[in-house]
Amino acid sequence: MEDARQQPENSPETIKKQIESHLRYSLGKTPDEASIGDIYAALAYCLRDRLMDRMLATRARFREAGAKRLSYLSLEFLIGPSLGRNMLALGIREACEQAVAALGLNINDVEAQEADPALGNGGLGRLAACFLESLATLNMPGYGYGIHYDYGLFRQEIRNGYQIEKPDQWALSAAPLQVQRLDHTVLVPLYGRIEHFKDRWEGYNPSWLDWQVVLGVPYDIPNCGYGGDTVTYLRLFTAQPSKDFDIRIFNQGDYFAAMEQKIDTEKISKILYPSDLVQSGKELRLTQEYFLVACALKDIVRRHLDVYGNISDFDEKNAIQLNDTHPSLAIAELMRILVDEQWMDWEPAWDITKKTFAYTNHTLLPEALETWPAGLLGYLLPRHMQIIEEINHRFLEQAIALYPDDRQRLARLSIFEEGQEKMVRMANLAIVGSHSVNGVSALHTELVKTRLMPDFFDMWPEKFNAKTNGITPRRWLQKANPGLTALLARHIGPDFVADMEKLSAILPLAGDAAFAEEFLKVKRANKVNLLPLLHNTAMIKADPDALFDIQAKRIHEYKRQLLNILGIMADYLALVEDGEYPASPFVALFAGKAAPGYTTAKKIIKMIHCVAEVINNDKRTRGAIQVGFVPDFRVSIAERLVAAADLSEQISTAGYEASGTGNMKFAANGALTIGTLDGANIEIEEKVGGENLFIFGLDAEQVADMCASKAYRPREIADKNPELARVMDALKSDRFCPGEPGLLEWVWHYLYNENDPYLHLADFASYCKTRRQARADYADSAGWAGKAICNVARMGWFSSDRTIREYASQIWNIAPLTGLDGE
């Protein structure tokens, strides 16, 4: 990569002039009257100018090469703030820092003006963002398609320990980051009816009539690869009405009725994951999923026809990846386009469709595999229901030929689940209509084959493959941890940012006392940097020399935040009743959101706050234990947490976590993992060595055996473990909720439920023993530093660059195309 600092247009003086120009001509301000928000916007426009030049050059390069192109469909893209990442990617952060300083401001303060784009919730969306960045860094023709949510999931506030959901108005600062593309607006049909006609050859020719039209208006967010050679985009669609309002009704005085269509339409892209507890919520959520795939497929097909003019080679020029089941309707939508609009016969259309699509499964929870009422889908999308029925009919003919006497197997394979209410299984549709089905870790893929979808694996073993997730080092090391990045670059050079495998060069330094001292200084500085956030949001004054023990992820029963808080309660009771202090003082931090309709998860958040209040206000715990909850977890907060963590909690029930990427982010920044043999924890142990992390608990096979044999006896477990029995008694006695009697009694009943699939108490003793070992090891700072350095050095395999190369060569059949420097 050519050094951007040597280019005249990237000098601090030039950038300062460009900022002043955008202040005047884009924002109507002079430098003297500009606010810090104005400076942020002007700087973002300066970067966007550079990105647009490179994006147009990238498009021309890909088009000239006739390159096969990947389209990545995802309901979530948790991209995080773009300004800082783009400055680093273009190699001009230092110049921008000087330009902003010349205007009297600090670059960190300017970056802080950008809100996190509220386009995702957790690992699913963050993985999609890492993949897009890696695709561009590797000079591969890959583009993202999603929804331009007005408010995203929600902004989390905590009041009296309870989660409160507020609108997340991220788009207020988003204008300089994106480009509206009105010229690529698409029409999305909904509802209507089917008329049964015949064509001139007497073939069946159904017509979808009387549909309502919604407009999908695209916004492009530039996606810059490291070095800036390749800039692609994330295309997000917002829903708008085909007509703003009925002027006739408006003039009659019924203003609300005149605006009804506008309101109904725009709610499609208002929020991520609207509650589906009521029928109207189900309809909105299904509409949202179809809106995504309809906009994406229309855009992809339009572009293909513009460039190549012939639909028959569509699969040779396009690969489409379905990120989980949410975009599964894309299979029916492409068939509709090919058969209804392009007049293709069913067989060649189906062949193109299967060769085009690939499906990534992200869950082992059967209830998380989407199903939709057939009646609702047929009402909303009558033509698509016809197509899905035909797909299923032809597929079952194949299955019957293989398993003619196995009715139960055929029922499991069917896209339709028969019952009191007929349901459409979206995962089955995705598998039937794709040429590849991948899991996201080795264990997860094996469980998909043997437990989740064994019938499909038996029928099509060649479809199934593993693609262990990864993280981009540009976001999760260079951006999140500049101190560690600088330290590593001084010792092994900066090339690890582009090639994470080169981190292995620091392995010989794991036993070097001087390097370990520098490493620990960086970690402590990151913890000090986190203190204001902890003080302002979690309301604790943490000691940076204490062990920072962090569990930051979506709140869910299987992720077992509850097990973590039980362990903390045990530590507290041991201290105040037995005088047993932890081997090292520790600060236990939680962060994560609970889905608005997920009552148990929201109760767990309240429990964390109850326990934190008791422990933090007890003078006996000072200097020993602190507990905090950091609200509104998002990418910008995750960057600070992963850089500061000493211990990373990855404690899901074995066999439930598909992969996890938080485990990778923390480990790459020098945190040691405490976790079960679940998801990618297994591969992390293989790479970093069992001596450099803390594994506890049942493995996936033991969990399955215990559940299958109904051998889980939580009361017996507690009776045999005085430490656990004391915690359970405390829950019953209101010790941790003195001001709200009975508040935590639900936890007592929950944990003693023999049908608890997450087996909290089965792992309690092993977990507590392992926690104590981790704190004892932390007391040996040199030994701890050596383990942490080994984690960083051996995390190169977990780069999303590696994952993308595997997808590209084994599933998508796409290849790198050289960038601006011609390398």
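**Notebook: helix contacts, rings and selected residues**

Asp306 was my starting point, and I placed it in helix 10, residues 279–308. I note at the outset that this is a predicted model. Is Asp306 buried or exposed? I found a relative accessibility of 55% for Asp306, and because exposed means over 50%, the residue counts as exposed. I then looked up Asp306 against Lys29: the two are 277 residues apart in sequence, and their C-alpha atoms are 41 Å apart in space.

**Helix 6 and helix 34**

I turned next to the packing of helix 6 (residues 123–137) with helix 34 (residues 800–812). Their axes are 9 Å apart and meet at an angle of about 80°. I therefore entered helix 6 as roughly perpendicular to helix 34, since angles of 65 to 115 degrees fall in that class. Which residues make the contact? On the side of helix 6 I listed Cys130, Phe131, Ser134 and Leu135. On the side of helix 34 I listed Ser800, Asp801, Thr803, Ile804, Tyr807 and Trp812. I sorted the residues of this contact by character and obtained six nonpolar, three polar and one charged.

I also checked the rings in this region. Phe131, Tyr807 and Trp812 belong to a cluster linked by ring pairs, together with Tyr72 and Phe77.

**Aromatic pairs**

How many aromatic pairs does the structure hold? I recorded 21. I examined the pair of Phe696 and Tyr767, whose ring centres are 5.0 Å apart. Their planes stand at 40°, so I classed the pair as tilted, because stacked pairs lie under 30 degrees and edge-to-face pairs over 60. I located Phe696 in the loop between strand 23 (694–695) and helix 28 (700–708), and Tyr767 in helix 32 (residues 764–778). The pair therefore ties together parts that are 71 residues apart in sequence. I looked up the accessibility of both partners. Phe696 is buried at a relative accessible area of 2%, and Tyr767 is buried at 0%.

**Charges over rings**

I looked up two lysines whose charged ends sit over rings. For Lys463, the ring is that of Trp460, with the charged end 3.8 Å from the ring centre. For Lys422, the ring is that of Phe416, and the distance to the centre is 4.5 Å.

I followed Lys422 further. Where is Lys422 found? I placed it in the loop between strand 14 (416–417) and strand 15 (423–425). Its relative accessible area is 33%, so I entered Lys422 as partly exposed. Leaving aside neighbours within four places in sequence, I found Lys422 in contact with Trp372, Pro373, Ala374, Phe416 and Glu417. Of these, I checked Ala374 by C-alpha distance: Ala374 and Lys422 are 48 residues apart in sequence and 5.6 Å apart in space.

**Positive phi values**

I noted Asn139, a residue other than glycine with a positive phi, near 60°. Asn139 lies in the loop between helix 6 and strand 2 (142–147). With 15% relative accessibility, Asn139 counts as buried.

I made a matching entry for Met539, whose phi is positive and near 60°, again in a residue other than glycine. I found Met539 in the loop between helix 22 (513–538) and strand 18 (547–552). Is Met539 buried or exposed? I entered Met539 as exposed, on a relative accessible area of 61%.

Notes: Residues numbered from 1 in each chain as written. Predicted model: local features only at pLDDT ≥ 70, side-chain atom pairs only at ≥ 80, totals over all residues. Heavy atoms only, no water. Axes fitted to C-alpha atoms, helices over the stretch in contact; angles between N-to-C directions. Helix = DSSP H or I, 4+ residues; strand = E, 2+ residues; numbered from the N terminus. Parallel < 35°, antiparallel > 145°, perpendicular 65-115°, else oblique. Contact = heavy atoms within 4.5 Å. Nonpolar A, V, L, I, M, F, W, Y, C, P; charged D, E, K, R; others polar. Phe/Tyr/Trp six-rings, centres within 6.5 Å; stacked < 30°, edge-to-face > 60°. Buried < 20%, exposed > 50% of the residue type's maximum accessible area, 1.4 Å probe, protein only. Lys NZ or Arg CZ within 6 Å of the ring centre and 35° of its normal.
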